[in-house]
Amino acid sequence: MTPQAINTVGLLFHPHKPVSKELADEIGLWFQSHGVTTWTASSWDEAAVTEKMAGTDLAVTLGGDGSMLRGARMVYPNEALLVGVNLGRVGFLTECSPSTWQDTLDRILRLDYWVENRMMIRAETVRGNQVLASHTALNDVVISRGTLARAIQLETWVDDGFLTRYFADGLIVSTATGSTAYSLAVGGPILPPELRNILIIPIAPHLTMDRAVVLADGAKVTTTVDSYHGAILTVDGQFEFELQTGDSVIVRACHKDIRFARVRPRGYFYRDLLDRLVPADSPGNTSP
């Protein structure tokens, strides 16, 4: 996609990190000195961000991957670009650091960037014939056991065809972006982030299928809870919804993608991944 001019920018700061608000103010002044209109809001205040997103060309999160996940859910409906300044621990999704933001944002203003499209998913919770809730995720939705350390049964269909009945601690339904998150921690495959496949990965399965399943583009996943001990739906590790036995969770790809503004080379993903999985001083890291 051809880079677009940046006229209005939203700055999403982390409300529990004072340095985030300070940096947002600094970046705001920098943008304004370049003739760009800005607005600022907490990345935890969805109502305020959603209200201001209309007409916004670029949103900048100042936090870690959690801030990027929150930002993605609020930004993608308006098709604005998203870029992150990493103030967190890992920063898989972010593009620059507090020491490099000016160079990155200057390149974006000069249209020296490329657009990375990433699929998002929507999960609907259904009880009987009623949709109780609808949630959007960039990484994953997870159905897991409740407070008791007891496995739950999860009947799972793909495109209305029965797949299997999992007996496990839970089930991860992940995007390609989420393949390097919780999915990776339980042994799932790593997918390039721009793929539109959905992953299904059981958590601690017992006497049941224990392999990850990679679904085709456009697939629908339906999972029904069979547990009288309770279960929980978690969205991007940030929202919880209590499930009852008989509840179903239906997961599909969203119609729109989230669009990241990138200035790094297009092949950054694998080098970036290795740098995080293998410490720089490790014998296994042979990068120059």
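Me: Are D272 and R264 buried or exposed?

Reply: In this predicted model, both D272 and R264 are buried. Their side chains also meet in a salt bridge, with 3.6 Å from N to O.

Me: What makes the contact of D272 and R264 a salt bridge?

Reply: The cut-off is a Lys or Arg side-chain nitrogen within 4 Å of an Asp or Glu carboxyl oxygen. D272 and R264 stand at 3.6 Å, N to O, and therefore the pair qualifies as a salt bridge. Salt bridges with shared partners join these two residues with E95, E116, R118 and R262 into one network.

Me: Why is R165 called partly exposed?

Reply: Partly exposed covers the range between the buried limit, under 20%, and the exposed limit, over 50%. R165 has a relative accessibility of 31%, so it counts as partly exposed.

Me: Which parts of the chain does the salt bridge of D226 and R165 tie together?

Reply: D226 belongs to strand β14 (residues 221-226) and R165 to strand β10, so the pair ties together parts that are 61 residues apart in sequence. The side chains of D226 and R165 meet at 3.0 Å, N to O. D226 has a relative accessible area of 28% and is partly exposed.

Me: Why is C96 called buried?

Reply: The relative accessible area of C96 is 8%, and buried means under 20%, so C96 is buried. C254, at 5% relative accessibility, counts as buried because it too falls under 20%.

Me: How many disulfides does the structure hold?

Reply: The structure holds zero disulfides. Such a bond would need a pair of cysteine sulfur atoms within 2.5 Å.

Me: How many residues of strand β1 are buried?

Reply: Six of the six residues in β1 (residues 8-13) are buried, and the strand is mostly covered. T8, G10 and L12 are buried on one side, and V9, L11 and F13 on the other.

Me: What makes β1 and β2 a pair of strands?

Reply: Pairing requires at least two bridges between the strands. β1 and strand β2 (residues 37-42) have six bridges in the parallel sense, and therefore they pair. Within this pairing, A41 of β2 is the bridge partner of L12. Helix α1 (residues 18-33) joins these two strands in a right-handed β-α-β unit.

Me: Why is one side of β13 and of β16 left without a neighbour in the sheet?

Reply: The open sheet has six strands in the order β13-β12-β11-β8-β15-β16, with antiparallel pairing. β13 (213-214) and β16 (239-243) stand at its edges, each with a single partner strand, so one side of each has no neighbour in the sheet.

Definitions and conventions:
Residues are numbered from 1 along each chain as its sequence is written. This is a predicted model: local features need pLDDT of at least 70, side-chain atom pairs count only at pLDDT 80 or more; totals for chains, interfaces and linings use all residues. Side-chain values use heavy atoms; hydrogens and water are left out. Buried means under 20% relative accessible area, exposed over 50%, partly exposed in between (1.4 Å probe, protein chains only). Helices (H or I, at least four residues) and strands (E, at least two) are DSSP runs, numbered from the N terminus. A crossover is right-handed if, with the strands pointing away from the viewer, the path from the first strand over the helix to the second runs clockwise.
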